[in-house]
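Here's a quick run of questions and answers to go with the model. Keep the coordinates open while you read.

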Amino acid sequence: MLIKLSDLPFGERAVVREIRTSAHDLNCMGLRIGKELKMVTKQPIKGPVVVLLGELEIAMGLETAELIVVETGTDA
Amino acid sequence: MTEEKAKGNADLPEKGTTVLMLGNPNVGKSALFNRMTGANAIVSNYPGTTVDFTSGTFIEGGHTYTIIDVPGTYSLEPRDAAEEVAVRMLRDSPDATVMIVLDATKTDRGLYVALEVMERGMPCIVAVNMMDAAHEKKITVDIAELQRILGVPVVSTTATSGEGVRDLAEMLRKAKVADIGAIAQRLRGEEQERESVRGCGGCGGC
Amino acid sequence: MVFSSDARWEMVDAITRQTVTYGTYKHTLGDVLGDLTVKPLTGIPVAFAALYAFWSVFTSFAGTLMTDGFMVKFFDGFWLPWMQSVWPDPASWHYFLFVGNPAADTCFEAFGMLTSGLFVSIGVVLPAVLVFYLMMTLLEDSGYLPRLAVLMDSVLHRIGLHGYAIVPIILGLGCNVPAVTATRILETKKQRFIMMTLLALFIPCGAQLGIMMSVLPDLVGIVMLCLIVGFCIFGFVLNKVIPGENPEILVDVPRYHWPVKEYVAKKLWNRTKGFLKEAVPFVLFGILVVNLLYLGGVIQGLANLLEPVFVTWFGVPKETVGPLIAAFLRKDLAIAQLSTIPMTTYQMVASVVLVTIYFPCVATFVVMLREGWKELIAAIVVLFVVVFIYGGIIHGIGILLGVA
């Protein structure tokens with residue numbers, strides 16, 4: 001199922017399918033299409049989202065997370 | 001130190017080689033820098049900017065190296081003032097050797113900027129740092145294989161304990177320009193120069 | 001040969017596939033702590049605890065132990081009487097400039113370049129700055145800083161900044177000079193401008209904190225509250241008013257690791273050295289300039305000119321005008337001077353808050369100028385407007401509460 005990264009529940013895994021914002025910065029941080037990630041936490045009052053990508057843990061703003069499409073339920 | 005320099009290198013120019021230490025933020029670059037230069041580091045302001053950088057010198061094998069700790073960067077397409085300075089430093093010292101520092105637990109991210117540097121045709125050496133953390137996380141990096149693919153010297157280091165730092169300093173003189181086309185070929189499995197690599201033990205520097 | 005970004009990433013993937021293998025490993029204590037300190041439910045209390053612990057260390061070490069326990073005794077007991085006894089001719093202009101008031105018993109009141117100037121920079125500010133630098137270095141080297149940045153981002157992004165603005169804020173509590181330089185951690189001009197302006201306005205430096213704590217310890221809490229509220233209000237307004245981008249945070253959250261003693265020591269030394277070289281000469285120079293202005297009657301003239309504004313608009317007694325004017329250059333000593341004027345609690349809080357949000361010290365001015373003169377002029381305009389409005393607001397609240 002394709003959902004926005006910002007809607008991914010805590011502790012769930014998903015695969016990045018589409019980046020609808022400037023992908024370069026995200027790529028440089030290790031978030032790339034086809035990579036599997038895990039939602040670590042979302043901060044309250046529309047704060048940043050923290051995800052785990054393999055060994056990398058990165059934090060991004062909520063608006064950025066809304067522009068990333070991930071697929072859940074795959075066992076990639 | 002000075003004695004060693006005097007007898008080892010009568011015929012070499014005195015100004016030494018500039019080494020730019022480049023890599024992602026938080027890969028232990030500063031720790032590595034401190035290990036290599038000891039106490040004689042100088043913090044300076046990069047002209048026309050507010051970004052500070054550290055430089056220092058050390059002597060290895062009778063050769064003087066001026067080593068510059070370039071602000072951490074993820075790519076050569078800069079995002080902020082510090083990354084901008086990193087790019088300008090590369091441009092301003094075209095004769096420099098680039099020491100690319102990778103975090104062994106996050107090799108992919110560091111390799112991106114490493115490839116960008118290699119495309120510029122500057123002589124390179126790669127330090128795979130934070131080997132202790134990688135070991136803890138049960139991540140193994142095949143240093144010999146990485147060296148074979150990249151075609152430049154690759155040394156594993158743990159800056160916090162000093163492990164491998166000596167080797168890194170010694171290998172600096174073997175830094176060489178990577179052939180990016182050959183890297184692509186080797187990755188596709190077209191390994192025309194396999195024989196020669198095996199012949200010399202694959203140190204990649206000779 | 002140059003590749004496209006995608007081609008390069010493909011190569012990176014191909015290289016890592018051939019050289020890197022991931023084993024399975026048990027989560028270590030560090031990983032568990034890492035998760036706990038970035039999740040809001042557990043992370044926010046931890047952040048408060050960390051900041052509170054730091055505050056306790058700061059007040060007890062820098063305030064009580066170093067400044068009150070040692071520096072005050074040394075400067076008031078030995079240095080000042082000695083200077084007063086050896087410097088020739090107490091009535092001369094040079095005595096006034098360098099030693100100050102011949103009748104003063106404390107270095108707060110003397111106001112000379114070599115008495116109060118040295119006392120403030122070495123006795124009060126240096127211990128404070130040391131503690132702040134140590135804290136900053138430990139935060140950086142342990143890997144806690146990015147987590148703190150993520151937690152703070154929810155608030156700071158609302159006021160045009162992002163989580164990493166916590167770095168200049170913490171440094172600014174030590175000294176604004178390195179803090180202004182640290183604003184480069186922010187990406188856009190807009191963010192840096194907002195940060196610099198807010199730093200100059202609402203972040204009291206170590207000197208001010210140190211003096212506030214030694215001369216009016218009971219009021220530090222309420223003064224800080226006024227400053228934090230002002231910080232948020234004007235940050236929000238500046239974010240709305242100033243054109244430009246406010247990009248979202250995008251940072252790496254590294255694992256925890258133990259800071260290595262020698263690197264912490266080295267960083268601490270480099271930063272302290274920078275402070276001694278850049279800020280201390282300006283504190284001394286500032287005192288000299290203020291004393292010269294006093295000698296030339298400029299301060300008195302300005303005080304007479306601005307007195308009606310201060311008394312009617314801000315609601316503070318007219319004796320405070322002198323120190324408030326002097327605060328253009330040296331806020332720390334202005335607070336010390338204020339403490340000797342009899343005032344109601346409200347007047348004291350209002351005047352101390354005013355002194356703090358007033359113009360930054362000369363040294364801060366100089367580093368801001370280094371960042372760009374256009375920004376500096378814009379910042380000065382904003383400073384004027386904010387001081388005027390916020391001073392009025394505090395007065396208004398005071399009237400409503402019936403204390404002004």
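Q: How many bridges pair strand β3 of chain B with strand β4 of chain B?
A: Bear in mind that this is a predicted model. β3(B) covers residues 52–60 and β4(B) covers residues 63–69, and the two pair in the antiparallel sense. One of the places to look is S55(B), whose bridge partner in β4(B) is I68(B). The bridge count for the pair is seven.

Q: Which residue in the turn between β3(B) and β4(B) has a positive phi?
A: The two strands form a hairpin, with two residues between them. One residue in that turn has a phi of about 60°, and that is G61(B).

Q: What share of the contacts in chain B between residues at least 6 apart in sequence join residues at least 24 apart?
A: For some background, chain B has nine helices and nine strands. Buried residues account for 46% of its 206 residues. As for the contacts between residues at least 6 apart in sequence, the share that joins residues at least 24 apart is 72%.

Q: In what order do the elements of chain A run from the N terminus?
A: Chain A has two helices and six strands to place. Reading from the N terminus, the order is β-β-α-β-β-β-α-β.

Q: Why can chain A be called as compact as a globular protein of its length?
A: Put the C-alpha atoms in a box along the principal axes and you get roughly 30 × 25 × 25 Å. The globule rule gives 11 Å for 76 residues, and chain A comes out close to that, so it is as compact as a globular protein of that length. The radius of gyration behind this is 11 Å.

Q: What percentage of the residues in chain A is buried?
A: Contacts first: among those in chain A between residues at least 6 apart in sequence, 54% join residues at least 24 apart. For burial, the cut-off is 20 or more other C-beta atoms within 10 Å. Of the 76 residues in chain A, the buried part is 43%.

Q: How far apart are the end C-alpha atoms of residues 3–72 of chain A?
A: UniProt lists this stretch, in an unreviewed entry, as "domain: Ferrous iron transporter FeoA-like". In the model, the stretch is 16% helix and 44% strand. Its end C-alpha atoms are separated by 8 Å.

Q: Is R17(A) buried, exposed or partly exposed?
A: R17(A) sits in strand β2 of chain A, residues 13–19. Leaving aside neighbours within four places in sequence, its contacts are L2(A), I33(A), V69(A), V70(A) and E71(A). E36(A) is 19 residues away in sequence and 9.6 Å away in space, C-alpha to C-alpha. With 15 other C-beta atoms within 10 Å, R17(A) counts as partly exposed.

Q: Which element gives the most residues to the side of chain A that touches chain C?
A: The contact brings together 21 residues of chain A and 17 residues of chain C. On the chain A side, α1, β3, β5 and α2 each supply at least two residues. That side divides into nine nonpolar, seven polar and five charged residues. The top contributor, with four residues, is β5(A).

Q: What is the bridge partner of I58(A) in β2(C)?
A: β5(A) pairs with strand β2 of chain C, residues 250–252, in the antiparallel sense over three bridges. Within that pairing, the partner of I58(A) is D252(C).

Q: How many residues does α1(C) give to the side of chain C that touches chain B?
A: The contact takes 29 residues from chain C and 32 from chain B. On the chain C side, the elements giving two or more residues are α1, β1 and α13. By class, that side has 14 nonpolar, eight polar and seven charged residues. α1(C) gives the most, and its number is 10.

Q: Which residue of β1(C) is the bridge partner of T140(B)?
A: Strand β7 of chain B, residues 139–141, runs antiparallel to β1(C), and three bridges join them. The partner of T140(B) there is T21(C).

Q: How many residues of helix α18 of chain C are buried?
A: α18(C) spans residues 345–357, and at 1.5 Å a residue its 13 residues should span 18 Å, which agrees with the 18 Å between its end C-alpha atoms. Its buried residues include Y346(C), V352(C) and I357(C). The helix is mostly covered, and of its 13 residues the buried number is 12.

Terms used:
Residues numbered from 1 in each chain as written. Chains lettered and ligands numbered in written order. Predicted model: local features only at pLDDT ≥ 70, side-chain atom pairs only at ≥ 80, totals over all residues. Contact = placed C-beta atoms within 7 Å. Nonpolar A, V, L, I, M, F, W, Y, C, P; charged D, E, K, R; others polar. Pairing = 2+ DSSP bridges. Rg over C-alpha atoms; globule rule 2.2 N^0.38 Å. Expected span 1.5 Å × (residues − 1). UniProt positions renumbered as here; feature names shortened; annotations may be inferred.
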